[in-house]
Amino acid sequence: MIKKLLNKKGETYIDVAITVMIVAFVLVFSVNMVSLVALNQNIKTMADQIVDYASVKGTTDIDSYIGDLSEKTGIDFTYSFSGTDYHSAQKVQLGDVIECKLTYRVSIIGFGESFFPVTVSASASGISQVYWK
């Protein structure tokens, strides 16, 4: 059996080299996918935290909180509030919906010097808990 695998024609060496290359591709791909799933979960958690904070404050003017959150996590994401009816100057009336969408553009590493850009996004919504006169 071993003599059959280690023939002198060199076919086995090529098979082993190709197998090692395929295994390396699979490992790099799986590591990138696991990191993207973890990043997506972090972005979703941050979107939930931002909406909770905005709901309690009753406003979407929470740039300092979002800046602190971005600094603590080390993720420089962009955010937007949509579908929100403003009472006045970014204040959301009691019972109105606050929707937030976070996006983060990341490049996953390929082989050599290749990078593949991927956009990770998450959204969350909540209801304002503040009555504005």
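## A tour from the S2–S3 loop to the core

Start by selecting Gln-90, which sits in the loop between S2 and S3. The model is predicted. The phi of Gln-90 is near 65°, a positive value in a residue other than glycine. Most residues other than glycine have a negative phi. Gln-90 is partly exposed, with a relative accessible area of 36%.

Now add Ala-89, which lies in the loop between strand S2 (86–88) and strand S3 (91–92). Ala-89 also has a positive phi, of about 45°, although it is not a glycine. With a relative accessible area of 69%, Ala-89 is exposed.

**Confidence**

Colour the model by pLDDT before going on. The mean for the protein is 88, and 91% of its residues reach 70 or more. Among the elements, helix H1 (residues 2–5) has the lowest mean pLDDT, 58, and H3 has the highest, 94.

**Helix H2**

Select residues 11–57, which make up helix H2. Does the distance between the ends agree with the length expected for 47 residues, or disagree? At 1.5 Å a residue, the 47 residues should span 69 Å, and the end C-alpha atoms are 69 Å apart, so the two agree. Just past the helix, select Gly-58, which follows H2 and has a positive phi near 75°.

Next, show the side chains of the buried residues of H2: Asn-32, Leu-36, Leu-39, Ile-43, Met-46, Ala-47, Ile-50, Val-51, Ala-54 and Ser-55. Several of the gaps in that list can be read against the helix repeat. An α-helix has 3.6 residues a turn, so residues three or four places apart point the same way. What covers these buried residues? The cover includes helix H3 (63–73), strand S1 (78–82), strand S4 (97–109) and strand S5 (115–127).

Three of these buried residues can be taken in turn along the helix.

- Asn-32: this residue of helix H2 counts as buried at 12% relative accessibility. Leaving aside neighbours within four places in sequence, Asn-32 is in contact with Ile-108 and Ile-109.
- Leu-39: this residue is also found in helix H2, and is buried with a relative accessible area of 13%. Leaving aside neighbours within four places in sequence, its contacts are Ile-75, Tyr-104, Val-106 and Val-120. For a sense of distance along the helix, measure from Leu-39 to Glu-11: they are 28 residues apart in sequence and 43 Å apart in space, C-alpha to C-alpha.
- Ser-55: this residue too has its place in helix H2. At 4% relative accessibility, Ser-55 counts as buried. Its side chain reaches the backbone oxygen of Val-51 at 2.8 Å. Not counting residues up to four places away in sequence, Ser-55 touches Ile-98, Gly-126, Ile-127, Ser-128, Gln-129 and Val-130.

**The nonpolar core**

In soluble globular proteins, nonpolar side chains tend to be buried together. Here the largest nonpolar core has 24 residues, of which Ile-43, Ile-50, Phe-77 and Leu-102 touch the most other members. Each of H2, H3, S4 and S5 supplies at least two residues of this core. Which element gives the most? H2 does, with eight residues.

Centre the view on Leu-102 and show what surrounds it. Not counting residues up to four places away in sequence, Leu-102 touches Ile-43, Met-46, Ala-47 and Ile-50, together with Phe-77, Thr-78, Tyr-79, Val-120, Ser-121 and Ala-122. Ile-43, Met-46, Ala-47 and Ile-50 are already on display as buried residues of H2.

**Aromatic pairs**

The structure holds two aromatic pairs. Select Tyr-53 and Tyr-65: the ring centres are 4.0 Å apart and the planes are at 10°, so this pair is stacked. The pair links distant parts of the chain, with Tyr-53 in helix H2 and Tyr-65 in helix H3, twelve residues apart. Tyr-53 is partly exposed, with a relative accessible area of 29%, and Tyr-65 is partly exposed at 23%.

Finish on the other pair, Tyr-79 and Phe-81. How are these rings arranged? The pair is edge-to-face, with 6.0 Å centre to centre and 75° between the planes. Tyr-79 is partly exposed, with a relative accessible area of 32%. Tyr-79 was also among the residues touched by Leu-102.

How values were computed
Residues numbered from 1 in each chain as written. Predicted model: local features only at pLDDT ≥ 70, side-chain atom pairs only at ≥ 80, totals over all residues. Heavy atoms only, no water. Helix = DSSP H or I, 4+ residues; strand = E, 2+ residues; numbered from the N terminus. Expected span 1.5 Å × (residues − 1). Buried < 20%, exposed > 50% of the residue type's maximum accessible area, 1.4 Å probe, protein only. Contact = heavy atoms within 4.5 Å. Phe/Tyr/Trp six-rings, centres within 6.5 Å; stacked < 30°, edge-to-face > 60°. Core = buried A, V, L, I, M, F, W, Y, C linked by side-chain atoms within 4.5 Å. pLDDT = per-residue confidence, 0-100. Polar contact = N/O pair within 3.5 Å; in protein donor to acceptor, adjacent residues only side chain to side chain.
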